[in-house]
Amino acid sequence: MGNMAKYRIAAIDVPVPGTKIFRLEPLEGGVPRFRPGQWIFLNLLDGKGASTGKRPYSIASSPSAPYIELCIEMRGGAFTSLLDRVAAGTVVGVEGPQGRMTYEGERKAAFIAGGCGISAVMSMLRQIAQEKLDGDFILFHSVRTQDKMLYGDELERLKKENPRIRTVITLTRETPAGWAGECGRISREMIAKHAGKPAEFDWWICGPVEMVRSMRECLTGMGVDGKRMRFEAWG
């Protein structure tokens, strides 16, 4: 760590209002080896290439991609206010990767993601789909409203690439007409309905602190061994 590599922002996508997906391409060499679930420090640079501020963000791209993808909510904080004004073509600094909430090829794997917590999970699911891993993989993704859903189309594609992947999308703030998914917060009942015996799975939980805490308590109450839970929380 500590060594900062320079990357160019090759593309910026706005999948939903208030969230941006950045594709970073290394200026020298390739993307360093990383495990799905790891994160990097993104640095904004001054005219001389020195860091003017940095924040940690989970890598959303799969380890085989020749770029780093970051999915970032523009929250209006000190850093994201500056990042929101950055244009494609800008050079940024990347430190890392690091982090221990990694996916190591487990074959009964369940993921809980809240909002932008889907980033780290996308890296894992992309690898599971690309490698056509055999097993049982289930994503529980909680979003406020249907128009805030990230990676919806790609999740459908990944399920076609690897039919062992299942997704449970739940809306916490609305119940639109014709919605076939779940509604409300992820609950014990919802987990039991879709995961059957949760104690047989390894779990990755990614999202705001309160959500991660309640999900850990919920899974512990359902008999999941603490050693089989990995989590990342913010806020």
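## Arg173 and the positive patch

Arg173 has a relative accessible area of 61% and is therefore exposed, since the cut-off for that class is over 50%. The model described here is predicted. Within this model, Arg173 lies in the loop that connects β9 (165-171) with β10 (182-183).

Arg173 also belongs to a positive patch on the surface, where Arg144, Lys148 and Arg185 are the other members.

## The open sheet

Both strands that flank the loop of Arg173, β9 and β10, take part in an open sheet of 6 strands with parallel pairing. The order of the strands across this sheet is β10-β9-β8-β7-β11-β12. The edges are occupied by β10 and β12 (229-234); each has a single partner strand, so one side of each lacks a neighbour in the sheet.

Within the sheet, β7 (residues 108-114) and β11 (residues 202-208) run parallel and are joined by 5 bridges. In this part of the model, Ile112 is placed opposite Ile205 of β11.

## Asp13 in strand β1

Asp13 is located in strand β1, which covers residues 4-16. Its relative accessibility is 43%, and Asp13 is therefore classed as partly exposed. The class in question lies between the limits of 20% for buried and 50% for exposed residues.

Asp13 and Cys71 are 58 residues apart along the chain, and a distance of 9.3 Å separates their C-alpha atoms.

Key
Residues numbered from 1 in each chain as written. Predicted model: local features only at pLDDT ≥ 70, side-chain atom pairs only at ≥ 80, totals over all residues. Heavy atoms only, no water. Patch = residues over 30% accessible without salt bridge, like charges linked within 9 Å, V, L, I, M, F, W, Y side chains within 5 Å. Areas by Shrake-Rupley, 256 points an atom, 1.4 Å probe, with all protein chains shown as cover. Salt bridge = Lys/Arg side-chain N within 4 Å of Asp/Glu carboxyl O. Lys, Arg positive; Asp, Glu negative; His and termini not counted. Charge placed at Lys NZ, Arg CZ, Asp CG, Glu CD. Helix = DSSP H or I, 4+ residues; strand = E, 2+ residues; numbered from the N terminus. Buried < 20%, exposed > 50% of the residue type's maximum accessible area, 1.4 Å probe, protein only. Pairing = 2+ DSSP bridges.
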